[in-house]
Amino acid sequence: MVFVWITAFFLLIALIVLIIYQLMCLADLEFDYINPYDSASRINKVVLPEFALQGVLCLLFLLSGHWLLFLFCAPIVYYNVRLYQQQQHLVDVTEIFNQLDTEKKRRLFKLISVVVILFLSLFWMIWSMLEDDE
Amino acid sequence: MQPMGNDKPTNVPGRPVSPFRAAPQSSTPFISSGPVVGLEASGASRATTPFLSSGPGTILGASGTPQTTVPFLSSGPITGTQMSNYRSPPPPPVRYNGPSSPPPPTSYPAQDATTYQQTQAPRFPPPGQPVTPFRGPVGSSGPSPSGSFRPQPQIPSVPMGPPPQTATQMSSRSNMPPPLSESSFSATRPPPQPSLQGYSYGLPRGNMPPASAEPQLPAPRSVSQPPLQQAFPSSHVPPVHASYHAHQGGVVPPPPPPIGGPLGYNSREQIQYPNIGPPIGGNLQGLVEEFQSLSVGSAPGSLDHGVDVKSLPRPLSGDEEPIKILETFPLNCHPRFLRLTTYAIPSSQSLLARWHLPLGAVVHPLAEVPDGEEVPIVNFGPAGIIRCRRCRTYVNPYVTFTDAGRKWRCNICSLLNDVSGEYYCALDASGRRCDVDQRPELSKGSVEFVAPTEYMVRPPMPPLYFFLIDVSVSAVRSGFLEVVATTIKSCLDELPGFPRTQIGFLTFDSTLHFHNLKSSLTQPQMLVVADLDDIFLPLPDDLLVNLSDSRHVVDALLDSLPSMFQDNANIESALGPALKAALMVMSQLGGKLLVFQSTLPSIGVGRLRLRGDDLRIYGTDKEHTLRIPDDPFYKQMAAEFTKHQIAVDVYAFSEKYTDIASLGSLAKYTGGQVYHYPSFQAPTHQEKLRYELARDLTRETAWESVMRVRCGKGVRFTTYHGHFMLRSTDLLALPAVDCDKAFAMQLSLEDTLMTTQTVYFQVALLYTSSSGERRIRVHTAAAHVVADLGEMYRQADTGAIILLLSRLAVENTLSHKLEDARQLMQLKLVKSLKEYRNLHVVQHRLGGRLIFPESLRFLPLYVLSLCKSLALRGGYADVPLDERCAAGYNMMILPIRRMLKLLYPGLYRIDENLIKGPEEFNESSKQLALSAQSLDPRALYIYDDGFSFIVWLGRMLSPDIVNNTLGVDLSGFPDLSRLALLEHDNEYSRKLMRIIRRLREKDPSCFQLCRVVRQGEQPREGSLLLSNLFEDQAAGTSGYVDWILQIYRQLQSS
């Protein structure tokens, strides 16, 4: 069980790092520190890994039987899958400035929900450890 | 014009008949401060001296400082009493304005009395008043007369309506500059200057004298005729409004209209701008209501809709450039370079929220200028270009020099900069630099700086043209290959930038054919690369050569090109790999890539599939996907091209679907252009292709350019619309830009409240000229900040608004349904008119009238025709998908003048010109309303939308003319779609061709292909002409009258 918690913890941290990285690229672009080509290619490089991590995390919760956490994760995964199906998961370098706001909002939401899941799972982990001790 | 007939009767009998006027007064006491007073006062002034017209100023009381002139005082009481008498509902100004038709027969007044009673009672005197001369004009003159005829539908309304010109006449008069301010200012003003430049040289900044309209004014004043009618005797002086602004000293927005605000507003205005004195002008302007109106009230149950078709405003004179702004700000760049949607920038977010139209600018940085007005070139030499340290604004006429000329204050960020030693010049007594006249950058709104090496990241590139030509079987068969080859060959001498020009060719079908053009060869070598997955260049160089060195090889290639692929049976097209190869060839230098494509790209990367024939997708949420690129490859390529300073022009010739939506994105993000020739056939279309390709190759082009628009504190450009790529939030990358491309952008306010009174805009285009010089073209403009919505409407520019709206609509179709895009535009129109109505509804009885600002009188019509334009009209069956996309891409680059021409094409009747003597053809006077009712079966018409001409032959047109002009016998029913209009050896034909040439000269940016269609020749007549008569009701769309009614109903309901 501890293994599951630790894996989940590191997955969540990795997810947060990836999303923050994308947000930073977008912010840099907005303040004209990097050009749209670099920004878009950097973001696009980490989009698929992020999706994969999210999927793995969701699967982990499902298999380890944490239904509630799984339910928290599932909407994000569903959203990612839909983006991928519509081929909208990558940022478009030609339209990046017009989409800047939506892209940022999208990632902020993801960040917030991942952070919430992180706290929930931490709380759960401590809870279950305390229960184990008893 | 009929100046006296209507005015005098209204006023003169008006005074004695006090009882009838007093009656309604009690119901609407509020109007006393409104223009009603002005109306009567003007009557008084007419009777006595022009000075009297200041009367309303005092009557307005709270605001006006009395002018203590004797005649005025004596007239004061008169006006006062009149005011009280006259408070009754004012006859709408249109009555005054449109009296261009003679008074009606005497039988009318009686009818009028009854009808007004029924339908428009609140606005009209009770029928007991037998003021016959008053009513006569009412019935006959306004643009809304038909209401009065409603109960007598058998009376033909046609003779009653004023001719269509009424609209323009109205417009000029409703903006009447006040005669008083004219006279009071004329003493202090220097003599009229012949030109605008004259001002900028001779006069201190900030107190600009009025400009050109002025010399006309004094004369009518001295005659002391009714100023309303005489001061602006013709409708050809539309920008009258501006001269009025100019009188206010050039710094101040014109005083608010008395209608627009309550008294408190006026007084505040005075405090704010104490230097202008009492806002007399504002009151006088109230002589006529400042808005225009259309009567649309209809009695319940009546069949007649109550709109007089003939009185609807129509832009028959084409685009009206807002040159009046040059009178307020003579140092602004010419409006052909930069136009704002309104020249009154709102001061607060809340005000902006009430302006439902787009707020923004249209920039046309390289607009063609008439001879003699070229943009001056400034070379600062060793001093370097003078720019603000902080905001990097270029020095411009609006910067102020202080500290004895040692410092200058930036007009955009108001930072104090040092003046370098080389640029120093002493100031004269008024604080102006002594050398202003010698320095164009301080006296002209548009200048071009020669940029030193700091503005280059690499040596200036040579003009470079690379041709990517599809040589598959369809290209050979349609004949475009031959036309293209001969056209390029004929243009080689005129390519810009000799002797540095570089050129290269790549042909492709299912393989890529590179052409070695090394100058030491006698014949070009063709190198074929068949591996489409791994593109490589067979030669390191010599694919791109200097034209003057390898001229003979290039000539040989172009000569042999058509014959070389004569027997090509290859039907595949590997456009994607060819684009990649072109990128590899050009990536070192950049330049212009011309893609000639005749089929759907079918193999290799970037292959496209046939889509768009699935009917079920239309009307669903997925409809828009047909209009966006199918394969992200094209967008990625476009991004790469822009990165390497390559502009792509796409020439598409296909009978079948070519997916212009995907191909066009190449042009969209590289500053290019899409040329679409549906079902190209060399015999009929070659002339058009020849002309447009030649223009593309030989017009002056700015290379590797970037453009930035700076603006003052508090405002910011947020979104940009056009063909370019954004390199950072406000920097437009334009690998190549020329005089045929305009850009639109939207403004937003950053602060909730703007504190400055003027906001400045500066367009800077940094580019490499064809001669290899790095240049910066700078256009500077200023606009007032206002706190009054009415002022925003008054200073609105329909052309810029409609251009921005159309680009927004086209972009909207890329993410929404066509229907949604159309509805959004309609919604914007309705909201803005509604806001305008709310502005005036308190003081005026607007029942049964659709009111709109004079500046936006054409907006409803333009929005209607925008909804019916090729890019937005109908659904699946109405326009082939490719044509729709091509039209959409086209609308994204059109400058204002051509856009308005496209939205309201010219329709001219020319058979009389053909028959009559050598009288010159004058377009502006002969343009007809765009409706099938204008078409007379006995006549011959030319329809001109700026992209093609359609010659329409009436059914009963004399066969003599037909046969002579066409050169064929029409009785044999020849296929007119294949008929080319050529000059034949007879007088008719020569005259017709002369007229066509004249029309073409007006718009050199495109070749208008001339097509002939006979009346009743379906379906060609319908698709070519009838569906483009935007005022008519067509399948599923409303006509102009219905549209107005629809707008009116929406205004009423919501």
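The paragraphs below go through this predicted model, beginning with chain A and then turning to chain B.

In chain A, the UniProt record, an unreviewed entry, lists residues 51-79 and 108-127 under "transmembrane region". Residues 51-79 of chain A are 90% helix and 0% strand, and the C-alpha atoms at the ends of this span are 10 Å apart. Residues 108-127 of chain A are 100% helix and 0% strand, with the end C-alpha atoms 28 Å apart.

Chain A also carries a nonpolar surface patch of about 480 Å². Its members are A:Met1, A:Val2, A:Ile6, A:Phe10 and A:Met129. Helix 1 of chain A, residues 2-30, supplies the largest share of this patch, with three residues. A:Phe10 is located in that helix. With a relative accessibility of 53%, A:Phe10 counts as exposed, because the limit for that class is over 50%.

The interior of chain B can be approached through its nonpolar packing. The largest nonpolar core has 169 residues, and within this core B:Trp355, B:Phe449, B:Phe761 and B:Ile776 touch the most other members. Leaving out residues up to four places away in sequence, B:Phe761 touches B:Leu338, B:Leu340, B:Ile345, B:Arg710, B:Cys711, B:Phe717, B:Leu747, B:His779, B:Thr780, B:Ala781 and B:Ala783. Another core, of 48 residues, lies apart from the largest one; B:Leu464, B:Leu626, B:Phe641 and B:Tyr657 are among its residues.

B:Pro562 sits in helix 23 of chain B, which covers residues 551-564. Its relative accessible area is 17%, so B:Pro562 is buried, the limit being under 20%. When residues up to four places away in sequence are not counted, B:Pro562 touches B:Leu481, B:Glu482 and B:Ala485. The C-alpha atom of B:Pro562 is also 9.2 Å from that of B:Val484, although 78 residues separate the two along the chain.

A buried position in a loop is given by B:Glu1031, which lies between helix 38 (1020-1024) and helix 39 (1040-1053) of chain B. B:Glu1031 has a relative accessibility of 7% and therefore counts as buried. Its contacts, with neighbours within four places in sequence set aside, are B:Arg314, B:Leu861, B:Tyr904, B:Ala929, B:Leu930, B:Ser931, B:Gly1039 and B:Tyr1040.

Technical notes
Residues are numbered from 1 along each chain as its sequence is written. Chains are lettered from A and ligands numbered from 1 in the order in which they are written. This is a predicted model: local features need pLDDT of at least 70, side-chain atom pairs count only at pLDDT 80 or more; totals for chains, interfaces and linings use all residues. Side-chain values use heavy atoms; hydrogens and water are left out. Patches are made of residues with over 30% relative accessible area and no salt bridge: like charges are joined within 9 Å, nonpolar side chains (Val, Leu, Ile, Met, Phe, Trp, Tyr) within 5 Å. Accessible areas come from the Shrake-Rupley method with a 1.4 Å probe; for residues, only the protein chains shown count as cover. A salt bridge is a side-chain nitrogen of Lys or Arg within 4 Å of a carboxyl oxygen of Asp or Glu. Helices (H or I, at least four residues) and strands (E, at least two) are DSSP runs, numbered from the N terminus. Buried means under 20% relative accessible area, exposed over 50%, partly exposed in between (1.4 Å probe, protein chains only). Contact means heavy atoms within 4.5 Å. A nonpolar core is a set of buried Ala, Val, Leu, Ile, Met, Phe, Trp, Tyr and Cys residues joined through side-chain atoms within 4.5 Å. UniProt positions are given in the numbering used here, feature names are shortened, and annotations may be inferred rather than shown by experiment.
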